[in-house]
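Biologist: Could you take me on a close look at one part of this protein? I would love to hear about the largest pocket and what lines it.

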Amino acid sequence: MRAALVQLSVGDDPAQNLPVTLDFMRQAAAQGAGFVLTPECTNLLSSDRAHQQAVLCHEEDDPTLAALRAEAQSLGVWLLIGSLGLKTHEADGRFANRSFLIDPQGQIAARYDKIHMFDVDVSPTERYRESDAYRPGARAVLAETDFAKIGMAICYDLRFPHLFRRLAHAGADLLTLPAAFNDTTGAAHWGSLIRARAIENTCFVLAPAQCGTHAAHGGKPRRTHGHSLAVAPWGEVLADGGTEPGVTLVDIDLARVAEARARVPSITHDRAFEGP
């Protein structure tokens, strides 16, 4: 399978972001990709809740989702929409940060709502409270396709290794980790954590990312780290998307998962224990 990591630098207007994403999808398919992956926040990146309320839609009405599904069908590719910000019918009015796996017929094969919310103080002047606007998901998702068993996660989930271990025990041989990783923490931790999740679970990890400075109508512009990564089960970095928007191609041989697990079968060596 040839996969394509689409690296974006979206603003806070979904209508402006969509044509860029579609163009990169077409470039990827033209270069032989059968599996195209976009990053977290494919439709917009914004910290302004009033603006989000004005421009976001429910899943059934979302024009970005409809257009990307149609394009996946037109191109005949599998598509991971890293995530979309979507309205929900929850009483508290919070949004969902939802990843979609789309099959080559344009149908939704799986959905995953981000479980872990980015509520952190990166520095005295850089504070994030994702849970103010987004409600967390509560269910891990393993998607079975005709080419891989895919464990789905999003961005800050990366820091919670028990999620990925559970997916590996459920049969995942490929993990998707779309992200809009903070520029500060990305420089410090992104590559190391992606490689760790691949090594400890002997899985491929495909991690399409946002990059650069993101235009916003209100508030401080946000910066993301970039460096979309594809990592093999033994920990080799197969591809690095750098710091600019674009398409990064990588060929995935899932036989390498079985080979790595035969060499170090740590998945089968997990043991129950007591304490502390």
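Modeller: Happy to; here is a walk around that pocket. This is a predicted model, in which local features need pLDDT of at least 70 and side-chain atom pairs count only at pLDDT 80 or more, while totals for chains, interfaces and linings use all residues. Residues are numbered from 1 along each chain as its sequence is written, and side-chain values use heavy atoms, with hydrogens and water left out.

The largest pocket holds about 880 Å³ of space. A pocket here is an open set of points on a 1 Å grid over the protein atoms alone, where a 1.4 Å probe fits, with protein on both sides within 12 Å along at least five of seven lines. Its volume is the space filled by probe spheres set on the points, which are joined across faces, edges and corners.

The lining of this pocket has 43 residues, where lining means having an atom within 4 Å of a point. Nearest the centre of the pocket lie Ser 46, Ser 47, Arg 127, Tyr 128 and Arg 222.

At least two lining residues come from each of α2 (49–55), β3 (78–86), β7 (126–129), α5 (183–201) and β13 (222–225). Strand β7 supplies the largest share, 4 residues. These helices (H or I, at least four residues) and strands (E, at least two) are DSSP runs, numbered from the N terminus.

By class, the lining has 15 nonpolar, 14 polar and 14 charged residues. Ala, Val, Leu, Ile, Met, Phe, Trp, Tyr, Cys and Pro count as nonpolar, Asp, Glu, Lys and Arg as charged, and the others, Gly among them, as polar.

One contributor, β3, also belongs to an open sheet of 6 strands with mixed pairing, in the order β5-β4-β3-β2-β1-β16; strands pair if DSSP finds at least two bridges between them.
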